Amino acid sequence: MDIVALYVGVAFVAGVLASLLRLPPLVGFLAAGFALGAAHVPQMPGLEVLAEIGVALLLFTIGLKLDVRSLVKPEIWLTTAVHMVISIAVAVGFLGLLGVVGVGLVAGQSVGTLALVGLALSFSSTVFVVKVLEDRSDATSLYGRIAIGILVVQDLVAVVFLAVAEGDPPSPWAAALLLLVPGRRVLHALWDRVGHGELQALFGVAVALGPGYYLFEHVGLRGDLGALVMGALLAMHPRAGEMSRSLMTFKELLLVGFFLEIGLHGTPQLQHVAMAAGLLLLIPVQMAVFAVVLWVLRLRRRTAFLSGLVLGNFSEFGIIVVAVGADAGLLGEDWVVVVALAVAASFVISAIVNRRGVELASRLSRLLPAKDPSSLHPDDRLVDVGDADALVLGLGRVGSATCAKLRDGYGLRVTGVEHDPARVEAARGEGFDVVRADATDVEFWARVKRAGHVEVAVLAMPFHNANLIALSRLQDAGFDGQVAAIARYDDDAAELRRHGAHAVFHLYGAAGAELADRAAEVLAGGR
């Protein structure tokens, strides 16, 4: 128990220090892992298992938001393939140049060894990228969906590589996993019976780790890939978003173990640190390749750079790839420590960059020529809200009810703004005017400004940070109408007011007031 208390205490202190430095807590957890490893503290019992569960639940929640059909789109698979080829070629050239000038770790290495390191560095971190997207509430935005799709395809490539490198191909029984597709109906029916409380969260964990992680591992496939697949099979259930939220705190806590474990891959020496620092020079190339390829595939410059910035890091899969390569005698053990250092350092750099990623993407957009709007990808064209009197941003349950009340109760012309395709279709099916767009997109708000008719904007998105960003976008675009917003907590409501919202409604307080009104109506009717 003493070791557990030490690990928890060090992780907490490091996370707080990172927050005070305005860095994500995960940067502190990485630093804590390296500090514990350098101090030769015994590894906490069960840490590896906790980390694996955390990653499995993370991928399961990704699957709950994943549209599998998106993986066959060119902006997903073609971008992944082109980026991987270019990244490996650049890494081979860069490391080969270091070998020519006499850098010890790469001197005399074969092209195959350098290509293996390049492959390891071509992956982006699923865990890190999804954390960034969740913090921004952008997992279902266009660039977020593209980034997650690319990560899924990269994971599939990693699964194939590991199966080949380890000489352990999947079991013939792996084909039986296709039965999970029709079998999802059984899981949906069971889900309908478990309710909304802790049993629903336990059901999610059981599906992710049972038919997900364990079953896939048992037939020779990666367990975390199985968790992702099970999440995707449950994604069409109406309570998928609710389950994702119910698992959030548990998942976040377990992921601390994952970030701690990265730092325990060995005690770095000076040559390891120097080589890892050199590998970080490849990150801007990685970002640029993603951005340029997506721009060529008709994505807007801003969308392309947002995707490139969020994907600009090395992956935990890189550590696994070089570890497997070292076990197979394809490269030296030193590379495991080097790549672990590079992965951790890339997280720090990417965290700093993506802290202002939206603003940075807008500035970098000037580096590429603008495209004719009519030639842009259909999902990335600018939209016009027409002659709407009111905009409702976010069409969840609160936003949809707000649209209906403003339209039917007050006779206003209302347009909803939502970036989730499923919600857009559902709202249009109910007769609402809806545009599919990202409410945090500065170019979208520039178009709203030109419309000139909007008198009130309602910020009804479920995440506080998303509402704050949208409020900032409204103000930057010169919007002079009224702004109303929802908030879950008192401090969130106060922050929205400080930033200029004219009316803020506490979600639970407003529900209580509405309930009191209904109770009074019932009382009056019974007299």
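This passage describes the nonpolar cores, an exposed residue of the first helix, a buried helix and a set of parallel strands in a predicted model.

The largest nonpolar core of the predicted model comprises 104 residues, and those with the most contacts inside it are Leu 95, Phe 259, Leu 279, Phe 314 and Trp 335. Helix H17, which spans residues 334–355, supplies the largest share of this core, namely twelve residues. Apart from this core lies another one, made up of 27 residues, including Ala 201, Val 205, Leu 221 and Met 243. As a general background to such groupings, nonpolar side chains tend to be buried together in soluble globular proteins.

The surroundings of Phe 314 may be described in greater detail. When its neighbours within four places in sequence are left aside, Phe 314 is in contact with Leu 121, Phe 123 and Ser 125, with Leu 279, Leu 280, Leu 282, Ile 283 and Gln 286, and with Ala 342, Val 343, Ser 346 and Phe 347.

Asp 2 belongs to helix H1, which covers residues 2–20. With a relative accessible area of 69%, Asp 2 counts as exposed, because the cut-off for that class is over 50%. Although Asp 2 and Met 44 are separated by 42 residues in sequence, their C-alpha atoms are 9.3 Å apart in space.

Helix H10, formed by residues 223–233, has ten of its eleven residues buried and is therefore largely enclosed by the rest of the structure. The buried residues of H10 are Gly 223, Asp 224, Leu 225, Gly 226, Ala 227, Leu 228, Met 230, Gly 231, Ala 232 and Leu 233.

Burial also marks strand S5, residues 482–487, in which five of the six residues are buried, so that this strand is largely enclosed by the rest of the structure. Strand S4, residues 456–459, runs parallel to S5 and is joined to it by four bridges, and Val 456 has Gln 482 in S5 as its bridge partner. Between these two strands the chain passes through helix H22, residues 464–476, in a β-α-β crossover that is right-handed. Strand S5 is likewise joined by four bridges to strand S6, residues 503–506, and these two strands run parallel; here the bridge partner of Ala 484 is Ala 503 in S6. The chain crosses from S5 to S6 by way of helix H23, residues 490–498, and this β-α-β crossover is right-handed.

Notes. Residues numbered from 1 in each chain as written. Predicted model: local features only at pLDDT ≥ 70, side-chain atom pairs only at ≥ 80, totals over all residues. Heavy atoms only, no water. Core = buried A, V, L, I, M, F, W, Y, C linked by side-chain atoms within 4.5 Å. Buried < 20%, exposed > 50% of the residue type's maximum accessible area, 1.4 Å probe, protein only. Contact = heavy atoms within 4.5 Å. Pairing = 2+ DSSP bridges. Right-handed = clockwise from strand over helix to strand, strands pointing away.
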